[in-house]
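Biologist: Before us is a structure that I should like to understand step by step. May I put some questions to you about its core and its sheet?

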Amino acid sequence: MATHTIGIIMNGVTGRMGTNQHLIRSILAIRNQGGVTLSNGDVIMPDPILVGRNENKIQALAEAHNISRWSTDLDQCLNDPYNLIYFDSQTTVRRAQDLKKAIAAGKHVYCEKPTATSLEESLHLARLANDAGVKNGVVQDKLFLPGLLKLKRLIDSGFFGRILSVRIEFGYWVFEGNWQPAQRPSWNYRKEDGGGIIIDMFPHWRYLLDNLFGTVKAVSCLGITHIPKRVDELGNTYECTADDAAYATFELEGGIIAQVNSSWAVRVNRDDLFTIQVDGTEGSAVAGLRDCKVQHRVNTPKPVWNPDMPNPINFREQWQVIPDNQIFDNAFKVQWEMFLKHVVADEPYTLDLLEGAKGTQLAELGLLSWKERRWVDVPELSIGGVKV
Ligand SMILES: NC(=O)c1ccc[n+]([C@@H]2O[C@H](COP(=O)([O-])OP(=O)(O)OC[C@H]3O[C@@H](n4cnc5c(N)ncnc54)[C@H](O)[C@@H]3O)[C@@H](O)[C@H]2O)c1
């Protein structure tokens with residue numbers, strides 16, 4: 001039984017996603033559990049080197065988690081053959097240039113979504129990685145959330161019959177930053193810094209819809225900036241140049257209709273920050289991040305429209321909870337483990353830069369639909385003559 005120690009450059013790791021999901025909940029959790037075990041008994045042990053611009057911050061983060069390797073010099077880290085993987089969770093606009101450097105240095109690359117802010121750039125990255133023969137992956141964490149894994153279980157069991165429609169409600173109130181600090185970084189609300197809810201969330205909707213229900217074929221999208229001014233981390237008021245809500249409809253392969261509301265200017269009156277309702281001929285389901293409940297056609301009540309009397313049916317009580325039946329691990333960690341097995345043992349892995357480019361494509365076409373106030377078809381993508 002051999003141990004494969006893998007040097008991983010982690011860039012953007014002082015950020016929200018970098019620290020919590022990728023460092024603490026994924027890489028450190030994998031180290032603490034004794035690595036990732038392969039089918040032949042070998043173990044993969046990730047060995048991170050934290051990279052950032054601010055020496056004090058990066059050193060403090062490394063020390064807080066007993067990590068010996070940290071640096072402010074990305075090029076030096078890339079030159080070191082011990083580091084096999086480059087990981088990026090910087091703000092979106094910084095990603096492409098450093099991914100290109102890493103690919104040129106022969107590193108396998110793994111990164112947050114979106115891979116870039118334009119389809120051209122996202123496809124370029126996929127081509128570069130393909131040509132260089134490096135393994136590559138893009139975060140598609142929602143696929144591994146307990147609520148969505150339960151939904152996938154229902155789909156695979158044939159529970160729904162013919163799936164008719166999908167409705168996603170995503171969002172919550174992001175404070176403006178004046179009388180209460182905002183709970184998301186200010187760059188999210190500036191287009192010039194890679195912000196905007198369409199660029200941010202449509203990549204998630206793309207892989208979710210494609211993987212669970214069928215390829216997205218067309219999009220109609222209305223974006224808006226509901227809150228025109230916000231206050232940043234330093235207390236300065238700034239103009240919001242990016243969309244903070246998007247009201248979209250997607251047509252999927254097989255005729256399924258998906259309506260998706262995404263908003264950072266909505267107050268939550270539902271079971272979770274994200275809920276997805278699926279209606280089929282045989283049954284329906286509503287899933288959140290962790291939970292999922294169903295109503296089969298034989299349990300479906302028969303409401304009659306009559307506003308002259310109080311509603312006699314408690315609709316919410318008539319749904320059944322889907323049990324866990326398994327232990328669910330952190331969604332980001334599950335994907336990291338898959339990617340590490342792909343790098344070390346060549347295990348199959350499909351969530352690559354090309355799949356990431358499909359997410360950027362949907363965001364770009366959503367923005368076009370909004371601008372031109374029309375439905376837009378989503379063409380198939382290809383690199384090197386291979387359609388994906
Ligand atoms: N998968 C998901 O569910 C999910 C959720 C939120 C964000 N994200 C993505 O993760 C990425 C990071 O988002 P976040 O919310 O963690 O942002 P953040 O602002 O908290 O962190 C960004 C990181 O990039 C670094 N950075 C910022 N500006 C920089 C610059 N000019 N030069 C070098 N480094 C710079 C910061 O120091 C920090 O480490 C974004 O691309 C975002 O789209 C993904």
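Biologist: Which helix gives the most residues to the largest nonpolar core?

Modeller: This is a predicted model, and its largest nonpolar core holds 94 residues. Among these, Ile9, Met10, Leu50, Val109, Leu151, Ile198 and Leu209 touch the most other members. The greatest contribution by a helix is 10 residues, and it comes from residues 197-212, which form helix α7.

Biologist: Why does this core lie between domain 1 and domain 2?

Modeller: Domain 1 covers 3-140 + 330-349, and domain 2 covers 143-321. The core lies between them because residues are given to it by both domains.

Biologist: Which strands are the edge strands of the open sheet of 9 strands?

Modeller: The order of this sheet is β17-β16-β15-β14-β8-β13-β12-β9-β18, and its pairing is mixed. An edge strand here pairs on one side only, and this holds for β17 (320-321) and β18 (376-377).

Biologist: What angle does the direction of helix α6 make with that of β15?

Modeller: Helix α6, residues 146-157, packs on the sheet and touches β14, β15 and β16. Its direction makes with that of β15 an angle of about 165°.

Biologist: Which residue in β17 stands opposite Val294?

Modeller: A hairpin of 4 linking residues joins β15 to β16, and these two strands pair in the antiparallel sense over 5 bridges. In β16, Val294 is the bridge partner of Ala285. Strand β16 also runs antiparallel to β17, with 2 bridges joining them. There, the residue opposite Val294 is Gln320.

Definitions and conventions
Residues are numbered from 1 along each chain as its sequence is written. This is a predicted model: local features need pLDDT of at least 70, side-chain atom pairs count only at pLDDT 80 or more; totals for chains, interfaces and linings use all residues. A nonpolar core is a set of buried Ala, Val, Leu, Ile, Met, Phe, Trp, Tyr and Cys residues joined through C-beta atoms within 7 Å. A residue is buried if 20 or more other C-beta atoms lie within 10 Å of its own, exposed if 12 or fewer, and partly exposed in between; C-beta atoms are placed from the backbone. Domain bounds come from an automatic or database domain assignment. Two strands pair if DSSP finds at least two bridges between them. Two residues are in contact if their C-beta atoms, placed from the backbone, lie within 7 Å. Axes are lines fitted to C-alpha atoms, for helices over the stretch in contact, and angles run from 0 to 180 degrees between N-to-C directions.
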